[in-house]
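Let's take a friendly walk through this model, from the way its chains meet to the way one helix is packed. Keep the viewer open as you read.

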Protein chains: 2
Amino acid sequence: MSGTPGRPRGFDREAALDRVVLEFWQHGYEATSVASLTAAMGIKPPSLYAAFGDKRKLFSEAIRRYGVTYGAVAGDVITAAPDARRAMESLLYALAAAYTEPGHPPGCMVITAAVNCTSASEEVKAELRAIREASKAVMRARIVADTTTGRLPADTDADGLATYYAAVVQGMSTQAVDGVDRATLERVAALAMRCWPQGTAT
Amino acid sequence: MSGTPGRPRGFDREAALDRVVLEFWQHGYEATSVASLTAAMGIKPPSLYAAFGDKRKLFSEAIRRYGVTYGAVAGDVITAAPDARRAMESLLYALAAAYTEPGHPPGCMVITAAVNCTSASEEVKAELRAIREASKAVMRARIVADTTTGRLPADTDADGLATYYAAVVQGMSTQAVDGVDRATLERVAALAMRCWPQGTAT
DNA sequence: GCCATTGTATAGCGATCGTTATGAAACCTG
DNA sequence: CAGGTTTCATAACGATCGCTATACAATGGC
């Protein structure tokens, strides 16, 4: 209806946020300076603070953006699978591809972006840890669901199994950061699926 | 023979280094400031620079110290085991204990201390990555050895298997940092051993 | 005691950190 | 055009970064 008064923003906010995601993904929260962020976005500090608040809020928004772009594959694959076993299997193979995909940093941003922090930014650390624990809870829920339907033995250790696959996922991320290629990560995924509990039904 | 001239050092160099290990272990290389290091050591900056050179060299020395103290268990356990399977098994259980041991930060310093780095300290990142790859090479060597003696099938994928266990170890470290306790990590270890290739001999 | 040597504390170096005050520039409404 | 509003670039804020020049304290050898 009414045109917004004032000078219009001179840059694409979402495009700038996509650059920010790549910066935080590659160097992590604290090791990424506001100067490098503004350089990557092609803007000056006041524009960043006017559009995003501060570095802390910008990181949260970058994580949210990461979750609905690069990170969306994980959730999609898990919910699309017909059972827990195939959910975990397709997840691991999808991550083997995603973690080594060219065009962005290797590994998972949620796992790597806030590992080394001063005491001043433990809040950021906790934010990512919460996302990791939520992901683990999703995996655990699918496992529990299959134990109630009988697809998995009733005495299946859902906590242990979920923690195991969470660990495998995090290990694959670290291996990807260290330069391991997709084919090797897929062999890791294949090995990781060999310890799936013997089911009593299909 | 001749007594060293000059004022003697007023602090225990090794004790100070042990404090440094804990600081770098907890916060990582870049997130640990010289000010926090000197505070932990109970000395002033000039004493640090006189005794250790600079922050970069101090970190290398701290990593070396970590390797012969906390990190020594891994190598000991691997070489002491009679075969590759029991080497990996005892390694995983030893790490489940070590990563959650009270009195020091959780997880592995070699895995966590240089994840988030600016471009200025990629050298440090590479130093730790080299140690991780050397560890993986040790695991791979034990696996290859068992394929030649027939304890493991001749067509065993040594690279894939070594990468898999390296990933499990790194995942266990991340889980420990996220607060998982020893018992749960041991269940992860047990699961991780279930995919060991079927041997043809004892 | 005196000298040479080495370690320590004080204080501050230049650089960079995250953040912001200031004023000019670019828009909409009349 | 003028008035109101928002964004922009310039420049700088105080704080902290890794590091060090300077001066003093503490030792062994003479």
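Through which surface do the copies meet? Of the interface residues of chain B, 100% are also interface residues in chain A, so the copies meet through the same surface.

A word on conventions: this is a predicted model, in which local features need pLDDT of at least 70 and side-chain atom pairs count only at pLDDT 80 or more, while totals for chains, interfaces and linings use all residues. Residues are numbered from 1 along each chain as its sequence is written, and chains are lettered from A and ligands numbered from 1 in the order in which they are written.

**How the two chains meet**

The contact takes 36 residues from chain A and 36 residues from chain B; two residues are in contact if their C-beta atoms, placed from the backbone, lie within 7 Å. On the chain B side, α7 (109-112), α8, α9 (158-177) and α10 (182-193) each supply at least two residues. Helices here are DSSP runs (H or I, at least four residues), numbered from the N terminus. The most comes from α9(B), with 13 residues.

A turn of 180° and a shift of 0.0 Å along the axis lay chain B on chain A with an RMSD of 0.1 Å. That is the relation of a two-fold axis. In chain B, the C-alpha of Gly171(B) is the nearest to this axis, 2.2 Å from it. The superposition is by least squares on the C-alpha atoms of residues with pLDDT of at least 70 in both copies.

**Three surfaces by residue class**

Ala, Val, Leu, Ile, Met, Phe, Trp, Tyr, Cys and Pro count as nonpolar, Asp, Glu, Lys and Arg as charged, and the others, Gly among them, as polar.

| Surface | Nonpolar | Polar | Charged |
|---|---|---|---|
| Side of chain B that touches chain A | 16 residues | 12 residues | 8 residues |
| Surface near DNA strand C | 13 residues | 7 residues | 7 residues |
| Side of domain 1 of chain A that touches domain 2 of chain A | 6 residues | 3 residues | 2 residues |

**Around the DNA**

DNA strand C is surrounded by 27 residues, and the closest are Arg7(A), Ser33(A), Gly6(B), Arg7(B) and Gly10(B). A residue is near the strand if its C-beta atom, placed from the backbone, lies within 6 Å of it. The largest share of this surface, 4 residues, comes from α3(B).

**Domains of chain A**

Chain A is assigned domain 1 (13-66) and domain 2 (71-193), with bounds that come from an automatic or database domain assignment. Their C-alpha centres lie 25 Å apart. Where they touch, 11 residues of domain 1 are in contact with 14 residues of domain 2. Helices α1 (13-27) and α4 of chain A each supply at least two residues of the domain 1 side.

**Inside helix α5**

In chain A, Ile78(A) sits in helix α5 (residues 72-80). Ile78(A) is buried, with 20 other C-beta atoms within 10 Å; buried means 20 or more such atoms within that distance, exposed 12 or fewer, and partly exposed in between, with C-beta atoms placed from the backbone. Beyond its neighbours within four places in sequence, Ile78(A) is in contact with Ala87(A), Leu91(A), Val138(A) and Arg142(A).

In chain B, the buried residues of α5 (residues 72-80) include Ala74(B), Val77(B) and Ile78(B). They cover an arc of only 95° around the axis, which puts them on the same side of α5(B); the arc is that of the directions from the helix axis to the C-beta atoms. The buried residues of α5(B) pack against α6 (84-98) and α8 (122-149) of chain B. Turned away from that buried side is a face with the exposed residues Ala72(B), Thr79(B) and Ala80(B).
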